[in-house]
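User: Please take a close look at the salt bridges in this model. I would like to know which residues pair up and how their surroundings look.

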Amino acid sequence: MAKNSKSLLISLTILFFITMVTSKSPNFSQNPSLQALGPNKQEKLSHLHFYFHDIVSGPNPTAIWAAQTPTSKKSPTLFGSIAMFDDPLTVGPERSSKLVGRAQGIYGSASQSADALLMTMNLAFVEGKFNGSSLSVFGRNAVVEAVREMPIVGGSGVFRFARGYVQARTLKFNATSGDALVEYDVFVFHY
C-alpha cells in the first residue's frame, strides 16, 4: 500500500507541474489595438498658449518654499531648495485675464552652478474643450535661458496618451519679490 501511495503522490506531483506549465495564466501585458480607444480615434496635434503667474510674495502666494538644506541660502543657485506651487494659467499676461487652468507641482533648484530647476507639474485645465483634462510635464527648466523646452510625459482626460513639449519664456521677473510671469507655448499630440 505504501508503494501505491508513493506512486500516486509522484504521479499527482508530475501532473500538477505539467498543469502549471501548460495552463494559461493571466496576462500582465497586452497589445490592444487603437480601436480599443473608441471609434475613429486619430491622433491630433494641439497648440495651447497661456501665461503662468508664479507669485511668491504678498499675503496670498501661489508658490511657497517647502524645503531647504542648511546650505541652500549660501548657494548662489539656492541648490537644494524645493518649492510647491499652484499657479494660475491665464489667456493674457494680465493676472486679471481669463483663467484657463492651474499649474500645480514642485520645482527645485537642481544645479550647483546654474540657475536650473527640476520641474514636475500638472497643467490642469478648467476652460473650454480641455476642461477637466491635464498635461504632465517633467524636465529641466534653465530659467535664465530665453526659451526653455520641457517634455510632456503624459496626461489625462482629452490628453490621455499625450506626448509633446512645452516652451517657456520669462516675460517678467522681479528679483526682489521673486514673482515671475512666464509665457507658455504647448505642442501636444493626443487622441
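Analyst:
**Salt bridges and their surroundings**

This is a predicted model; the chain has a mean pLDDT of 87, and 80% of its residues reach 70 or more. Confidence varies along the chain: among its elements, helix 1 (residues 2–22) has the lowest mean pLDDT, 62, while strand 7 (residues 148–156) has the highest, 97. Where pLDDT is low, the predicted coordinates should not be read in detail.

The structure holds four salt bridges, and three of them are described here. Side chains of opposite charge can pair when their charged atoms come close.

One pair is arginine 163 with glutamate 43, whose closest N and O atoms are 3.0 Å apart. Because arginine 163 belongs to strand 8 (residues 163–173) and glutamate 43 to the loop between helix 1 and strand 1 (44–54), this bridge ties together parts that are 120 residues apart in sequence. Arginine 163 has a relative accessible area of 43% and is therefore partly exposed; glutamate 43, at 37%, is also counted as partly exposed.

Arginine 163 is also one of the residues touched by phenylalanine 187, along with Leu45, Ser46, His47, Ile152, Gly164, Tyr165 and Gln167, leaving aside residues up to four places away in sequence. Phenylalanine 187 sits in strand 9 (residues 180–190) and is partly exposed at 23% relative accessibility. The C-alpha atoms of phenylalanine 187 and isoleucine 152 are 8.8 Å apart, with their positions 35 residues apart in sequence.

Strand 9 also takes part in a salt bridge: arginine 169 and aspartate 185 meet through their side chains at 3.0 Å, N to O. Arginine 169 is in strand 8 and aspartate 185 in strand 9, so the pair links parts 16 residues apart in sequence. Arginine 169 is partly exposed, with 25% relative accessible area, whereas aspartate 185 is buried, with 10%.

A further bridge joins aspartate 86 and arginine 102, with 2.8 Å between the closest N and O atoms. Since aspartate 86 lies in strand 3 and arginine 102 in strand 4 (residues 99–109), the bridge ties together parts 16 residues apart in sequence. Both are partly exposed: aspartate 86 at 31% and arginine 102 at 22%.

Strand 3 (residues 82–90) also contains threonine 90, which is buried at 0% relative accessibility. The side chain of threonine 90 makes a polar contact of 2.7 Å with the side chain of histidine 53. Isoleucine 82, also in strand 3, is partly exposed at 36%. Together with Ile64, Met84 and Ile106, Ile82 forms a nonpolar surface patch with about 320 Å² of accessible area.

Key: Residues are numbered from 1 along each chain as its sequence is written. Side-chain values use heavy atoms; hydrogens and water are left out. pLDDT is the predictor's confidence in each residue, from 0 to 100. Helices (H or I, at least four residues) and strands (E, at least two) are DSSP runs, numbered from the N terminus. Buried means under 20% relative accessible area, exposed over 50%, partly exposed in between (1.4 Å probe, protein chains only). A polar contact is a pair of N or O atoms within 3.5 Å; within protein, one must be able to donate a hydrogen and the other to accept it, and residues adjacent in sequence count only if both atoms are side-chain atoms. Patches are made of residues with over 30% relative accessible area and no salt bridge: like charges are joined within 9 Å, nonpolar side chains (Val, Leu, Ile, Met, Phe, Trp, Tyr) within 5 Å. Accessible areas come from the Shrake-Rupley method with a 1.4 Å probe; for residues, only the protein chains shown count as cover. Contact means heavy atoms within 4.5 Å.
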